[in-house]
Amino acid sequence: MSQEPGEIWEQFAIGLADMARDLLAQDSVQGTLDRIVEHASVLIRGCDEAGILTVRHREVSALSATSDVVRTADKIQQDLQEGPCFDAVTDRTQVYAIEDMRRPHERWSRFAPELRKLGMGSMMGFLLFTEDDELGALNLYSHKPYTFDETAQRAGWILASHGAVAFSAARTHQQLGHALETRHEIGEAMGILMERHGLTEETAFKVLKKASQDHNVKLREIARQICRTGDKPA
């Protein structure tokens, strides 16, 4: 028995709300990414597999995937420098799709046949972005062709938008945590230099900074070394 559009969207809205609460509960960026792809594979009708990748300097990095098949698909995009999600990130286009992997595809003439060999019939790619930050692409795959209709595309875009915000927030939280940890380590190292070597606070910081520049090592690593040894850096 087929569902009415209203029922489909009601179920999706409930699932999206559950996803939002679940993503908020994650304590790491990786945990957030893994849950995004898991929710996508459940909430988007016809989706069998999902993954998130990013492209920097035309190098593809698989951030999360529901299976090794998806990781292989990401590697194919890297090897061929071609594919919907590769383009979503590099061209900043929000939505790409291949409706039928069995048919010749003008834009991705090499990628589509390779995906078909993996047992994929169709796919969609969505840019994961926020207003200030392009982050990557969400890939949705189906084993059957012509799986993703307009409703599925719209739902995928909505889910990707929510996922991007959660991804960005998780990353910001992680960066703040690292910054606070770094600040604590630098402060501890400065305290050691001041106590053991009779330096002023200003001089202690200059010693850390100079050592970082001279050795081309991050300030945090210099601070860690001082905290371990108690020695003034050369």
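Where does Q81 lie? Q81 lies in the loop between α3 (68-80) and α4 (84-91), where helices (H or I, at least four residues) and strands (E, at least two) are DSSP runs, numbered from the N terminus. The structure is a predicted model, in which local features need pLDDT of at least 70 and side-chain atom pairs count only at pLDDT 80 or more, while totals for chains, interfaces and linings use all residues. Residues are numbered from 1 along each chain as its sequence is written, and side-chain values use heavy atoms, with hydrogens and water left out.

**Residues with positive phi**

Phi of Q81 is near 55°, a positive value in a residue other than glycine, and at 28% relative accessibility Q81 counts as partly exposed. Here buried means under 20% relative accessible area, exposed means over 50%, and partly exposed lies in between (1.4 Å probe, protein chains only). Y146, in the loop between β5 (134-142) and α6, also has a positive phi near 55° and is partly exposed, with a relative accessible area of 44%. Two further positive values follow helices: R92 comes after α4 with phi near 60°, and N216, just after α7, takes a phi of about 55°.

| Residue | Place | Phi |
|---|---|---|
| R92 | after α4 | near 60° |
| N216 | just after α7 | about 55° |

**Helices α1, α4 and α7**

Helix α1 has 21 residues and reaches 30 Å from its first C-alpha to its last, close to the 30 Å expected at 1.5 Å a residue; the expected span of a helix is 1.5 Å times one less than its number of residues. Its buried residues are I8, F12, G15, L16, M19, D22 and L23. Seen down the axis of α1, these buried residues fall within an arc of 125°, so they line one face of the helix, the arc being that of the directions from the helix axis to the C-beta atoms. On the other side of α1, the residues G6, E10, R21, L24 and A25 are exposed.

Helix α7 (residues 201-215) can be described in similar terms. At 1.5 Å a residue, its 15 residues should span 21 Å, and its end C-alpha atoms are 22 Å apart, which agrees. The buried residues of α7 are A204, V207, L208, A211 and S212. They cover an arc of only 130° around the axis, which puts them on the same side of α7. The face turned away from this buried side carries the exposed residues E202, K206, K210 and Q213. As a general point, an α-helix has 3.6 residues a turn, so residues three or four places apart point the same way.

In α4, the buried residues are P84, C85, F86, D87, A88 and V89. Because six of the eight residues of α4 are buried, this helix is largely enclosed by the rest of the structure.

**Strands β3 and β4**

Strand β3 (residues 95-98) has a covered face, formed by Y96 and I98, and an uncovered one, formed by V95 and A97. In a regular strand the side chains alternate between the two faces of the sheet. β3 pairs with strand β4 (residues 122-129) in the antiparallel sense over four bridges, two strands being taken as paired if DSSP finds at least two bridges between them. Within this pairing, I98 stands opposite M123 in β4, and V95 stands opposite F126 in β4. Strand β4 is itself mostly covered, with seven of its eight residues buried.

**The largest pocket and helix α6**

About 210 Å³ of space lies in the largest pocket. The elements that give two or more residues to its lining are α1 (5-25), α2 (29-43) and α6 (150-197), and α6 gives the most, with five residues. The lining consists of L23, L24, Q26, D27, S28, V29, T32, A166, A169, A170, H173 and Q174. A pocket, on a 1 Å grid over the protein atoms alone, is an open set of points where a 1.4 Å probe fits, with protein on both sides within 12 Å along at least five of seven lines, and lining residues have an atom within 4 Å of a point; grid points are joined across faces, edges and corners, and a volume is the space filled by probe spheres set on the points.

G187 also has its place in helix α6 and is partly exposed, with a relative accessible area of 40%. G187 and A223 are 36 residues apart in sequence and 8.3 Å apart in space, C-alpha to C-alpha.
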